[in-house]
Amino acid sequence: MTRRHLLWLMGLWAGAAQAQDCALTGAVGIGAVSLEESSLDRAKLFEYRDTSGGLRSLIELTGCINAHTLKLEGENLGRNDERLNLQGRLQDADASGTFKYQLGRDSLRHNIAFDARTPYSGAGSAQQSATFPSLNPATWSRVDVSTRRRKDDGALEWSFSRAFYARLDASQIRTEGNKLQSAAQGTSPTHGFVDLIAPVDTRTRNVNLELGYHSAALATTLSYLTSRFDNATPLMSWSNGFFNGTDASPQAPSNVLERWSVNAVLRPMPLHSSLPLRSSLALRASTASTRSATDLLTSALSTSATYPTNPSEPTFRGRVRDDEAGLTLSTSLTRDIDTRLTFNTRRRDNSSSEILFTDLPSGLGCGQAPLTASTSSCLNERFTFRHRAQGVQLTWRAPQDNRVLLGYETGHAQRNRTDTTRSQDERLSVEWKNQRLENVSTRLKAQTLKRRADMPRATWGADATDPLYLQRFVTRYDVTSLDQTQLKFGVDVAAATHLDGGAEVTLKRNRYPDAVLGRTQDERSEVLLTLAWGDPRRLRMNAFVSWEWVRNQSTHRNINASTCPVIAPSLTPSPCFDPTQPATTTVYNWSATDRDRTQAAGLGVDWPLAERFVLRGAVLWMRAQGAVAVNAQALPSGASAADLVGINNWGNSEHVALTLKGDYRFSAQWSFTGGVSYEDMRFDDAQWNNATPLVPATGSGATTSYLSGVGAHPSYTAKLVFMMARYAF
Amino acid sequence: MKSFPCLAWMGVLCAWAVHAQPLPCATCHPREAQSLHAGPHAPHQDHCGACHGQTQAHAQAMGREPVQQRFGKGEPTAQRDAACLSCHQDARTLMHWDAGAHKKAEVACVSCHSVHGGVQAKAPDPSISTWINTTRRSQVEACVGCHASVRVQLGKPSHHPLMEGKLACTDCHQPHGSPAASDLKDSTPTALCLSCHAEKRGPWVWPHPPVEENCLTCHRPHGANHSKLLSEKVPNLCQDCHDNVRHPGSYYGANQGFAPGSQSTRFVARACVNCHQAIHGSNAPGARGKFFTR
């Protein structure tokens with residue numbers, strides 16, 4: 001639906017409303033914004049919002065025509081963040097049936113970088129070429145990296161007999177533009193990489209049909225969703241300077257998702273229950289399939305030439321099925337005791353094509369069994385999993401306005417991963433809440449989670465000179481054994497008539513007991529204080545202060561070779577793939593402690609200076625500081641195996657935003673808003689500081705890397721002046 | 001005594017008049033009465049008692065007696081909700097109310113809905129946000145009034161566009177209850193993420209298992225200090241799972257940045273992702289796909 005259609009519709013409704021003397025209210029607004037900014041790349045300032053100078057607009061319409069009510073909202077017409085939404089509702093005279101509709105459009109531009117550099121011609125298209133080496137960035141082309149996303153959606157809902165309803169939702173999300181997509185040039189990190197500006201031209205169309213029956217005692221729905229994702233550029237080809245040929249990067253495959261869902265809730269009636277003990281039973285089940293079809297590349301560029309990849313089938317047919325079901329039985333055992341029993345199960349089956357790539361040269365083959373099929377072939381992985389969990393919760397409304405909640409849940413998971421195939425979870429939680437004091441509410445929650453997982457790689461590798469032996473010690477924190485402790489404390493205080501305060505403390509610790517290499521422990525702590533004070537007729541203030549600490553600890557093994565060194569006087573390779581062995585200057589364990597600290601504070605003020613004038617202000621400050629401390633294993637002599645340098649600016653940033661605006665109500669029809677805003681965003685990051693377009697080749701066989709500058713200069717300062725005149729009718 | 005039936009009748013008439021006519025309520029509460037005109041409760045604007053119960057005593061005592069049904073903080077949640085649920089209990093959006101976190105936490109309907117403030121969620125406190133190009137009242141502001149820690153997350157350098165008004169909390173969460181954890185609108189976080197990020201659905205020749213199972217293994221949906229909503233910077237995040245011969249287990253540090261002489265392609269810019277960019281899955285042949293470099 002175009003803007004013209006909506007304006008036409010609005011005029012139609014306005015005319016009809018006038019003819020029937022119906023209460024139709026609304027407003028139109030026109031305004032402007034002026035921007036002065038200072039930055040090397042202002043994309044971060046514009047990341048999700050259109051702060052550019054220019055006109056602003058809004059339109060609102062709310063009213064009714066007999067039993068028909070409607071609401072129209074629109075803003076920023078013609079800008080990158082334009083939004084329009086129309087909702088309506090028609091009701092039968094006896095209120096037994098209702099028809100609702102909705103039409104909307106929402107636009108968003110996601111700006112990633114302005115004036116990015118690239119040595120390629122055709123940047124952002126499916127075919128990009130360049131001549132390498134290209135060592136003078138001044139000769140490169142410039143390109144803005146951003147995507148335009150527009151969502152058009154609509155819904156129809158028809159309720160009849162007050163119990164049955166049907167609802168149809170449809171939407172289309174169109175995304176156009178480009179994005180950063182880098183690529184390795186060779187087969188080793190020393191061969192460098194290139195930043196490519198990849199095309200984005202996709203469309204996702206969703207249709208969801210839902211049928212339902214709702215009454216006080218029973219609610220049930222059946223829904224069907226189909227979601228089709230189409231990618232107009234399934235392949236991007238580009239010049240590879242290292243292999244000296246045309247390379248290809250497959251893009252996201254077009255796919256179709258279909259899902260059937262059933263939901264049902266049987267619950268107590270106001271005066272009697274269909275189930276004993278005033279129970280309610282909730283059931284849900286869904287089955288979804290996702291399909292894709294991709295013509296596989298039959299050749300690939302590698303060292304010195306293009307090689308056949310010999311896929312066992314020309315087309316990969318992806319087919320994944322996700323089934324899930326859940327059941328919740330909530331029961332009021334007594335007036336003060338509620339229980340809840342839950343059961344959930346979820347499984348993924350993967351019947352995608354099994355693809356074997358054979359006779360691959362070195363560099364295209366997948367390595368060594370059992371990690372892969374063989375050194376000259378690759379067999380794809382079809383990931384599946386099963387999850388099952390059951391739990392019980394008991395809530396006791398204890399005397400003295402106490403409430404205690406106990407929970408226990410067990411879970412079981414199976415996966416066809418090589419690192420962990422089975423795990424068992426056991427979760428225990430206790431929660432206490434007290435509202436004994438009229439103006440104080442206190443809550444405390446403690447939870448433990450114990451997960452135990454198997455380690456099928458524990459027998460890998462013939463001995464410690466075999467690279468596979470190292471995998472006996474590598475764990476992945478998402479599935480490995482875990483001991484988790486979590487504490488959460490909160491208090492809310494209404495200290496006086498117009499004074500509310502709150503405090504919240506959260507502590508969470510994960511330990512991975514089986515981890516030798518990988519993440520071994522992580523912690524998260526948060527403290528938050530809030531304060532709200534003021535009389536709505538005079539001055540109101542709202543403030544918060546927050547501290548957050550995150551710490552991730554990990555251990556790794558530095559072995560910069562695929563075979564173990566021979567250390568004299570021994571004539572055989574050392575057992576270097578065993579992390580329990582003593583360190584050498586080339587093979588050693590090292591540990592990292594990665595810390596993130598975030599501090600934030602904010603203040604909002606609404607101050608009615610006069611009957612018709614309100615001054616509003618907001619200040620927001622946030623500082624993020626990251627650091628990594630590293631330690632190398634000690635040599636038998638006691639000295640450190642390596643002189644490792646930690647990082648003190650690891651994603652550091654500081655953001656200050658200040659907004660001051662006034663709302664003046666001149667008359668019942670006219671009102672004016674105007675104000676100023678200031679923002680300063682600073683980044684300091686060891687990964688990006690002093691970024692250059694080239695990373696020069698170092699060492700034999702190495703190759704230059706080519707960077708676009710995307711993400712290199714996110715800092716900005718912005719000053720905005722804005723105003724809006726609003727006429728209500 | 002002859003006049004008793006007459007007086008009684010007049011009393012009944014007065015009682016009926018007080019009960020049925022809006023005049024006494026609107027006389028003292030004009031803003032509250034007016035506020036219902038344009039909202040979904042407009043058909044009930046003349047029947048304050050539909051929500052507030054018996055109002056005669058309150059009106060007759062000129063406000064010195066409370067109305068039967070009150071909605072202040074001190075009233076029990078179940079009692080406050082009962083008035084709303086008497087009409088809305090069979091609403092389809094409340095289907096999973098009993099299973100939801102808000103019911104469990106005894107959050108009342110009026111904690112979020114301001115019946116006399118229109119259909120929008122109320123924003124009780126002054127806004128604390130950067131300037132955004134909208135005049136609409138932000139749903140986020142209503143939610144972070146209680147979920148204050150989420151406000152901090154949403155303000156981090158990498159975030160979904162909630163504070164910008166282009167997404168709402170209810171795009172992901174169902175505040176009226178859901179059978180899923182965290183009252184998500186979809187059964188799992190991954191299913192929810194893929195409803196918007198459809199390009200990451202695959203199915204892939206080479207899937208990355210943690211991606212398939214749970215997006216939250218690597219991403220913080222409410223906001224992060226590091227780009228792409230990552231919970232930890234790369235290469236640290238990747239190295240938390242991957243250790244092998246050569247570069248996955250190597251140390252990378254501050255002396256390998258862009259400063260001349262020591263740059264490492266595994267440290268600068270996006271580190272591992274400079275080469276392994278197809279980290280959500282790949283359809284490229286052989287090692288190019290298996291190791292997510294194409």
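How much area do chain A and chain B bury between them? About 12400 Å², with 54% of it on carbon and sulfur atoms. Keep in mind that this is a predicted model, so read everything below as a description of that prediction.

## Where the two chains meet

Let's start with the contact between the chains. On one side, 195 residues of chain A take part, and they are in contact with 112 residues of chain B. If you want to find the residues of chain A that lose the most area to chain B, look for A:Tyr48, A:Pro189 and A:Gln687; together they make up 6% of what that side buries.

There is plenty of polar detail too. Between chain A and chain B, 60 residue pairs are in polar contact, counting pairs with both residues at pLDDT 80 or more. Strand 28 of chain A, residues 540-559, gives the largest share of the side that touches chain B, with 14 residues. Sorted by kind, the residues on that side of chain A come out as 82 nonpolar, 63 polar and 50 charged.

Salt bridges cross the interface as well: the rule finds 13 of them between chain A and chain B. One to look up is A:Glu157 with B:Arg92, where the closest N and O atoms are 2.9 Å apart.

## A run of strands in chain A

Strand 28 is a good place to pick up the trail through the strands of chain A. Before it comes strand 27 (residues 518-534), and the two run antiparallel, joined by 16 bridges. They form a hairpin with five residues between them. To see the pairing for yourself, find A:Trp533, which stands opposite A:Met541 in strand 28.

On we go to strand 29. Strand 28 and strand 29 of chain A also run antiparallel, this time with 20 bridges, and A:Asn558 faces A:Tyr588 of strand 29 across that pairing. Strand 29 (residues 587-610) then pairs with strand 30 (residues 613-632), again in the antiparallel sense and over 20 bridges. This pair of strands, 29 and 30 of chain A, makes a hairpin with two residues between them. Here A:Asp594 stands opposite A:Val628 in strand 30.

The trail continues from strand 30 to strand 31 (residues 652-665) of chain A, an antiparallel pairing over twelve bridges. A:Met622 is the residue to look for, as it stands opposite A:His655 in strand 31.

## Three buried residues up close

Now for some single residues. Which strand of chain A holds A:Asn542? A:Asn542 sits in strand 28 of chain A. At 7% relative accessibility, A:Asn542 counts as buried, because buried means under 20%. Its contacts, not counting residues up to four places away in sequence, reach into both chains: among them are A:Leu531, A:Gly602, B:Asp125 and B:Arg151. B:Pro126 is on that list too, and its backbone oxygen lies 3.1 Å from a polar atom of the side chain of A:Asn542.

A:Glu679 belongs to strand 32 (residues 670-684) of chain A, and its relative accessible area is 0%, so A:Glu679 is buried. Leaving aside neighbours within four places in sequence, A:Glu679 is in contact with residues including A:His655, A:Thr717, B:Thr130 and B:Trp131. A:Glu679 also has side-chain polar contacts with A:Arg49 and with A:Tyr716. For a sense of distance, A:Glu679 and A:Asp535 are 144 residues apart in sequence and 29 Å apart in space, C-alpha to C-alpha.

The last of the three is A:Asn178, found in strand 8 (residues 164-184) of chain A. A:Asn178 has a relative accessibility of 9% and so counts as buried. Beyond four places in sequence, A:Asn178 touches residues including A:Ile112, A:Gly124, A:Val143 and A:Pro199. Its side chain reaches backbone atoms of A:Asp144 and A:Ser146.

Here are the polar contacts of A:Glu679 and A:Asn178 with their distances.

| Side chain of | Partner | Distance |
|---|---|---|
| A:Glu679 | A:Arg49, side chain | 2.8 Å |
| A:Glu679 | A:Tyr716, side chain | 2.8 Å |
| A:Asn178 | A:Asp144, backbone oxygen | 3.1 Å |
| A:Asn178 | A:Ser146, backbone nitrogen | 2.9 Å |

Terms used: Residues numbered from 1 in each chain as written. Chains lettered and ligands numbered in written order. Predicted model: local features only at pLDDT ≥ 70, side-chain atom pairs only at ≥ 80, totals over all residues. Heavy atoms only, no water. Contact = heavy atoms within 4.5 Å. Buried area = accessible area lost by both parts, 1.4 Å probe. Salt bridge = Lys/Arg side-chain N within 4 Å of Asp/Glu carboxyl O. Polar contact = N/O pair within 3.5 Å; in protein donor to acceptor, adjacent residues only side chain to side chain. Helix = DSSP H or I, 4+ residues; strand = E, 2+ residues; numbered from the N terminus. Nonpolar A, V, L, I, M, F, W, Y, C, P; charged D, E, K, R; others polar. Pairing = 2+ DSSP bridges. Buried < 20%, exposed > 50% of the residue type's maximum accessible area, 1.4 Å probe, protein only.
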